[in-house]
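Student: I have a model open and would like to talk it through with you. Could we begin with the charged pairs and then move on to the fold?

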Amino acid sequence: MAFTIRQLQFFVAVAEQGTVSGAAQNLSISQSSVTEAIKELESDLGVELFERHPRGLNITHKGHQFLRHATKILADVSDARRSFSSELAVAGGRLQLGVTSLVAGYVLSDLLARYRRGYPGVEVSAIEDNGDYLEHLLVGGKLDIAVMVTSNLRDRTALQSEILEVSAYRLWIPLSHRLASADIIGIGDIASEPLIMLTVDEIEENTGKLLSAIGARPHVAFRTRSVEAVRSLVATGAGVALLPDLVYRPWSLEGDRIESRDISGSLPVVQVGMVWRRGSSLPQSARDFIGLAQSQRMVRQRL
C-alpha cells in the first residue's frame, strides 16, 4: 500500500511536536488516528521513523531523512493546488532579498525554492548580513524584503513586519549527559555547564540574559558562528547549548546523536518573519513573495 498525503501530514506534525498527543491536539483529531497513521507509514516504508520512550518520541536518523522528503512533498502539493486557484506569474521583474545568518538555511531556502518554481521569470538577488545592516538597506530602499529575526527589530516605526515562525529556546545536550534522563530541567541546572555559544543574531545576548537572571555568569567553552560546529561540539561532549528549536537537528555531521530538552521557567522565543519598509510601494515580485510565504505559513499551521 502506498503512503498517503494524510499520513505525511500526520508524520510531519508528530516530528514537529515530539509527541503523538501534541500532534493530535494540533491536528484536532484523536491520538489513535495519529498512531495508526504512523504505524502504517512505517510499515509501508519498511523503516522505524521514531524511537518510542516514556516522554514521547525521538525521530530516528532515517526518520529525519524522510522528514525532508515529506516536507517537500507537502509543499509541492500546496504549490499544485495553488496553481489552479491563481495564475502563476509569467512576467519578469526583480526581487531583492535580505536574510540574516540564523535564518538563511532554515527558513529562506525552502521558501526561495518554492518562489523560483512559481515565478521563474523573476530575477532574484539575495544578501546575507546582520539585522542592523538589513534594516538600514530596507529603510534606504536597497532591499524589497528581508527574512530575518524580528523579535529584536529596532526601527519599528519605519519598518513593517509579519511573523512566519516562532521558535522557543531549548537545551542541547549529548546523549550521555547527566541531564538526559531528568524529568525537569531548570536554568539553574546548567549554570555551571560549559556552553557552546552561537554568536549570530541575538543568540549570545539572550543566553547571557538567561543566566544573569539567576546570578550566574556564562561559562563559555567555545564561541562560533556555525550551527554545524555547535552540533558537533555538543554531540561529542564539549559542552551544552541553548538554542531556538528552529535550528535543532538530532544528528551532527559525524552522525552523533544530540538530545533536545525543554527548560522550565520563562524563556525567550525567536520570532522569524518578513520585513519591508512601511508605506513603500512594493513591486509585484515582492507582493507575490509575501503571498507565497503567507500561504506556506498557513499550510504549516494546518499540519
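Student: Let's start with R178: is it buried or exposed?

Tutor: R178 counts as exposed, because its relative accessibility is 51% and the cut-off for exposed is over 50%. Please keep in mind throughout that this is a predicted model.

Student: And what does R178 form a salt bridge with?

Tutor: Its partner is E193, and the closest N and O atoms of the two are 2.9 Å apart. E193 counts as buried, since its relative accessibility is 12%. R178 and E193 both lie in the loop between strand 6 (159-174) and strand 7 (195-198), so the salt bridge ties together parts that are 15 residues apart in sequence.

Student: How many salt bridges does a search of the whole structure find?

Tutor: The search of the whole structure gives 9 salt bridges. Among them is the one between R52 and E42, where the closest N and O atoms are 3.1 Å apart. That pair links distant parts of the chain, with R52 in strand 1 (residues 50-53) and E42 in helix 3 (residues 31-45), 10 residues apart.

Student: What about burial for R52 and E42?

Tutor: R52 is partly exposed, with a relative accessible area of 47%, whereas E42 is buried, with a relative accessible area of 12%.

Student: Which residue does E204 meet in a salt bridge?

Tutor: The side chain of E204 meets that of R223, at 2.6 Å from N to O. Because E204 lies in helix 7 (residues 203-212) and R223 in strand 8 (residues 220-224), this salt bridge ties together parts that are 19 residues apart in sequence. E204 itself is partly exposed, with a relative accessible area of 26%. There is also a network in which salt bridges that share partners join R170, D245 and D262.

Student: OK, changing topic to the fold. How many helices and strands does the protein chain have?

Tutor: The protein chain has 9 helices and 11 strands. One pairing to look at is that of strand 3 (residues 94-99) with strand 4 (residues 123-128), which is parallel and runs over 6 bridges. Within it, G98 stands opposite I127 in strand 4. Between these strands the chain passes through helix 5 (residues 101-118), and the resulting β-α-β crossover is right-handed.

Student: Which way does strand 5 run relative to strand 3?

Tutor: Strand 3 and strand 5 (residues 145-149) run parallel and are joined by 3 bridges. In strand 5, I145 is the bridge partner of L97.

Student: Which residues of helix 2 are buried?

Tutor: In helix 2 (residues 20-27), the buried residues are V20, G22, A23, A24 and L27. Just after helix 2, S28 takes a positive phi of about 60°.

Student: Now the surface: which residues make the nonpolar patch of about 210 Å²?

Tutor: That nonpolar surface patch is made by I163, V166 and V269. V269 lies in strand 11 (residues 269-277), and it counts as partly exposed because its relative accessibility is 34%.

Student: Last one: what radius of gyration does the protein chain have?

Tutor: It has 20 Å, which agrees with the value near 19 Å for a compact globule with 303 residues. The C-alpha trace spans about 55 × 55 × 35 Å along its principal axes, and 46% of the 303 residues count as buried.

Key:
Residues are numbered from 1 along each chain as its sequence is written. This is a predicted model: local features need pLDDT of at least 70, side-chain atom pairs count only at pLDDT 80 or more; totals for chains, interfaces and linings use all residues. Side-chain values use heavy atoms; hydrogens and water are left out. Buried means under 20% relative accessible area, exposed over 50%, partly exposed in between (1.4 Å probe, protein chains only). Helices (H or I, at least four residues) and strands (E, at least two) are DSSP runs, numbered from the N terminus. Patches are made of residues with over 30% relative accessible area and no salt bridge: like charges are joined within 9 Å, nonpolar side chains (Val, Leu, Ile, Met, Phe, Trp, Tyr) within 5 Å. Accessible areas come from the Shrake-Rupley method with a 1.4 Å probe; for residues, only the protein chains shown count as cover. A salt bridge is a side-chain nitrogen of Lys or Arg within 4 Å of a carboxyl oxygen of Asp or Glu. Two strands pair if DSSP finds at least two bridges between them. A crossover is right-handed if, with the strands pointing away from the viewer, the path from the first strand over the helix to the second runs clockwise. The radius of gyration is taken over C-alpha atoms; the globule rule is 2.2 Å times the number of residues to the power 0.38.
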